[in-house]
Amino acid sequence: MSAAVQGAILVTGGAGFIGSNFVHHAILHTDQRVIVVDKLSYAGNRASLRGLPDDRVEFVRGDICDRALVNELVTRVDAVVNFAAESHNDNSLADPEPFISTNLAGTFALLEAVRAHDVRYHHISTDEVFGDLALDDPGRFTEDSPYRPSSPYSASKAGSDHLVRAWVRSFGVRATISNCSNNYGPRQHIEKFIPHQITAILDGGRPGLYGDGRNVRDWIHVDDHCAAVLRILESGQLGQTYLVGADGEHTNKEVMELILRLMDRPVDAYDLVDDRPGHDLRYALDASKLRDELGWRPRHADFEAGLCETIGWYRDNRQWWRPSPEDSRV
């Protein structure tokens with residue numbers, strides 16, 4: 001059964017990195033109205049929604065754990081896309097509780113609302129639910145790979161995926177799931193690997209690299225991820241999971257040195273820092289189901305070109321990632 005959607009969309013976490021980029025993408029490529037709900041934690045930024053038409057985008061400040069609010073918003077839309085998540089591994093190691101609250105209790109609140117009102121639901125997840133692969137393993141994760149999460153963050157996302165599947169099977173909720181690889185691009189909080197290095201260099205500092213930098217990540221431009229989510233929302237099969245990846249495997253050391261080279265710095269102008277506990281070795285996704293069934297293809301196949309554009313965005317938008325005191329993130 002097709003999952004085509006018409007009418008308004010509720011985008012949770014829509015002031016965050018991927019969520020805000022999806023709102024921009026949806027406004028550009030569809031005629032749909034979008035309601036954004038975001039609690040504006042440290043990683044949410046209203047500035048990420050600037051320039052969007054007021055007659056098509058409505059912003060609501062709120063928490064997806066607020067069941068009364070979620071229920072009211074769901075009655076006004078034809079689909080929900082859930083980007084809202086606590087998503088930083090280091091933060092989950094320091095304090096797991098917000099990850100359990102948002103990623104599990106928040107998903108439960110959304111599932112109960114869409115069940116009550118028979119509203120289409122799409123759940124955004126991560127490749128980290130699968131754990132990691134050995135550096136010398138030639139394989140990739142597929143939709144059938146077992147879950148082996150390594151951190152409180154990935155465990156909470158794995159749990160939320162299981163909730164979605166249970167609500168599909170037990171209650172007939174009309175849902176799909178996508179697990180995506182590491183995103184990069186504009187509007188990403190500077191706690192994340194790529195913008196952290198870029199902004200450190202822009203500020204005249206020396207970036208730091210965990211461990212020996214041999215960890216491998218499968219990078220995808222956020223615009224390609226957003227296009228995949230829209231394609232799944234329009235044409236995906238209900239009850240199905242789709243992996244979203246762009247064959248962009250690079251070691252962290254390679255990415256660090258490429259950033260330095262693109263920013264006209266010596267490629268060894270960084271420091272090695274102590275590795276974080278449980279640091280996954282390698283992520284890699286097989287996105288052939290998404291490509292073969294839905295015809296999706298990444299447009300940003302040239303990682304160096306995409307990274308160069310991303311560097312330019314952070315260079316040109318210092319007020320976004322380093323706001324002055326009079327600027328407000330809320």
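Biologist: Which residue in β5 is the bridge partner of V81, and how should a pairing of strands be read?

Modeller: As a general idea, strands of a sheet pair through backbone hydrogen bonds, either parallel or antiparallel. In this predicted model, the bridge partner of V81 in β5 is H122, and β4 and strand β5 (residues 120–126) run parallel, joined by four bridges. Two strands are said to pair if DSSP finds at least two bridges between them, where strands are DSSP runs of E with at least two residues and helices are runs of H or I with at least four, numbered from the N terminus. Residues are numbered from 1 along each chain as its sequence is written, and side-chain values use heavy atoms, with hydrogens and water left out. Because the model is predicted, local features need pLDDT of at least 70 and side-chain atom pairs count only at pLDDT 80 or more, while totals for chains, interfaces and linings use all residues.

Biologist: In what sense do β1 and β4 pair, and which residue of β4 is the bridge partner of L10?

Modeller: Strand β1 (residues 9–12) pairs with β4 in the parallel sense, over four bridges, and the partner of L10 there is V80. The side chains of β4 can be followed as well, since A79 and V81 point one way from the strand while V80 and N82 point the other way. All of these residues are buried, a word that stands for under 20% relative accessible area, with exposed meaning over 50% and partly exposed in between (1.4 Å probe, protein chains only).

Biologist: In what order do β7, β9 and β11 form their open sheet?

Modeller: The three strands come in the order β7-β9-β11, with mixed pairing, and the edge strands, each of which pairs on one side only, are β7 (182–184) and β11 (249–251). Between β7 and strand β9 (residues 216–221) the pairing is parallel and runs over three bridges, and Y184 is found opposite H221 in β9.

Biologist: How many salt bridges does the structure hold, and how is one recognised?

Modeller: The starting idea is that side chains of opposite charge can pair when their charged atoms come close. Here the count is 14 salt bridges, each being a side-chain nitrogen of Lys or Arg within 4 Å of a carboxyl oxygen of Asp or Glu. One of them joins the side chains of R33 and E58 at 3.8 Å, N to O. R33 lies in the loop between α1 and β2 (34–38), whereas E58 belongs to strand β3 (residues 57–61), so the pair ties together parts that are 25 residues apart in sequence. R33 counts as partly exposed, at 36% relative accessibility, and E58 likewise counts as partly exposed, at 26%.

Biologist: Is E86 buried or exposed, and where does its salt bridge with K39 lie?

Modeller: E86 is buried, with a relative accessible area of 12%, whereas K39, at 34%, counts as partly exposed. Their side chains meet in a salt bridge at 3.9 Å, N to O, which links distant parts of the chain, K39 being in the loop between β2 and β3 and E86 in the loop between β4 (79–82) and α3 (89–94), 47 residues apart.

Biologist: Which residues are linked in a network of salt bridges, and with which residue does D212 form a salt bridge?

Modeller: The network links R140, D247, E249, R282 and R291. D212 forms a salt bridge with R214, where the closest N and O atoms are 4.0 Å apart, and D212 counts as partly exposed at 44% relative accessibility.
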